[in-house]
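Welcome! Please take a moment with the sequence and the 3D view, and then let's walk through a few features together.

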Amino acid sequence: MSTPVAPPTHPALLTDRYELTMVAAALADDTADRPCVFEVFARRLPHGRRYGVLAGTGRLLEALPRFRFGDEELEALREQGLTDQRLVDWLADFRFSGDIEGYAEGELFFPGSPVLTVQAPFAEGVLLETLVLSILNHDSAIASAAARMIAAACDRPCIEMGSRRTHEEAAVAAARAAYLVGFASTSNLEAGRRYGVPTTGTSAHAFTLLHDDEEAAFRAQVATLGTGTTLLVDTYDVDEGIRTAVKVAGPELGGIRLDSGDLPTLATHARQLLDELGATKTRIVVTSDLDEYAIAGLMAAPVDRYGVGTSLVTGSGAPTVGLVYKLVERDGNPVAKRSEGKASVGGRKNAVRRHDRSGTATAEVISAGPIEAEDGDRDLVVPLVEGGRVLSGATPEQALAEARAHHERVRAALPAEAWALSRGECALEIMQS
């Protein structure tokens, strides 16, 4: 039986081989040190989406100082045939020394938004491509989907509970991204440890089935967790489950959970029954393959909380936001890709969010040159790394709290049409030059 392999201490090998072959060739022809600017942007939003949410910047900045090639990593490269000694020596000494700027985590983005800009010698900049894109594409997809769910929930709390539907590390990142945009809590304990995301959880159907009857299961749960717990009442008959729950916990029962069936109808009936039994303050929590559309469909039902799993951790149909990492400047001169359908705009970009007199966002202005300021403009690009040094001294928990607060502020400035779940154009006018 093989011994389980522990996750790597360093993220250096969480990358694509072609990054290293480019570095090797650039070292060979003396272009590795040419000053370059790389830009991360999305050519378009997922179909029908009106805005995206940038997430993962904090995780990227956590990973950057650990992006090193130690003896184990270098030996792994040799075993895979990367034996060029000049490359190996360069990687052994690698420390990112460039500058990074970009949108603050939690910021909204649109097609062409320069969400991250890396200025560094070519070899250093190109080496970060896979790390940057794998983190930002995943986390931004989750945050963008979660933001739609928060909008659909209209201030009713949402719980992230998708750990069993994705990779174990993706589950932690998903919980972080969901909390960033407003989810109240997660079922994932590691997200609680790493990032301070509030955790929650009671029991599954298995716990009820373990016992001889539903009442015995409920009594055991209440004895351990108190009357404020949430009891899962649809293992057998929902009406009997609710009656038994109130019988065991009394009218101070914290909540019931519905996990199957016609949820709007069941929730309405459950509320009536709870009220008849005197449990007027008992919350109703619904789960079962919810997405933003299902949540919106439950708005008229007396639901107090939503538990979201599979749809959230898969980006609700858009598991990536399509961010790309492109060279836009070399030796101080703009360069651009001209491929049909994949053209890029050369030059380092500036970006501002334009607002009207009421403070409502109206446009995203993106330019490779100076932008003439107008009243209500807000600069979007902020410094993140200078000379290889991460500027923020915040802990992972503090960085997430700051991103959550920033997202709440910028979301409040969106125009009303941005909240629509129907397919439509970008919420803001995109002005790009």
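Is the crossing of α6 and α7 left-handed or right-handed? In this predicted model, α6 and α7 cross in a right-handed way. Their contact is built from H138, D139, I142, A143 and A146 on the α6 side, with A170, A173, A174, A177 and A178 coming from α7. By character, the residues of this contact are eight nonpolar, one polar and one charged.

Now for the geometry of the pair. Helix α6 covers residues 129–153 and helix α7 covers residues 168–180; their axes come within 8 Å and cross at roughly 45°. Angles from 65 to 115 degrees count as roughly perpendicular and those under 35 degrees as roughly parallel, and α6 and α7 are therefore oblique to each other.

UniProt, in an unreviewed entry, places the feature "domain: Nicotinate phosphoribosyltransferase N-terminal" at residues 13–137. That span is 41% helix and 18% strand, and its end C-alpha atoms lie 18 Å apart.

Let's turn to a single residue, V233, which sits in the loop between β8 (230–232) and α11 (238–249). V233 counts as buried because its relative accessibility is 0%. Beyond its neighbours within four places in sequence, V233 touches E214, F218, V238, G241, I242, A245, I256, R257 and L258. Here is a small table of separations for you to check in your viewer:

| Pair | Separation in space |
|---|---|
| C-alpha atoms of V233 and H205 | 8.9 Å |
| End C-alpha atoms of residues 13–137 | 18 Å |
| Axes of α6 and α7 | within 8 Å |

Along the sequence, V233 and H205 are 28 residues apart.

Methods
Residues numbered from 1 in each chain as written. Predicted model: local features only at pLDDT ≥ 70, side-chain atom pairs only at ≥ 80, totals over all residues. Heavy atoms only, no water. UniProt positions renumbered as here; feature names shortened; annotations may be inferred. Helix = DSSP H or I, 4+ residues; strand = E, 2+ residues; numbered from the N terminus. Axes fitted to C-alpha atoms, helices over the stretch in contact; angles between N-to-C directions. Parallel < 35°, antiparallel > 145°, perpendicular 65-115°, else oblique. Left-handed = near helix turned anticlockwise from the far one by under 90°. Contact = heavy atoms within 4.5 Å. Nonpolar A, V, L, I, M, F, W, Y, C, P; charged D, E, K, R; others polar. Buried < 20%, exposed > 50% of the residue type's maximum accessible area, 1.4 Å probe, protein only.
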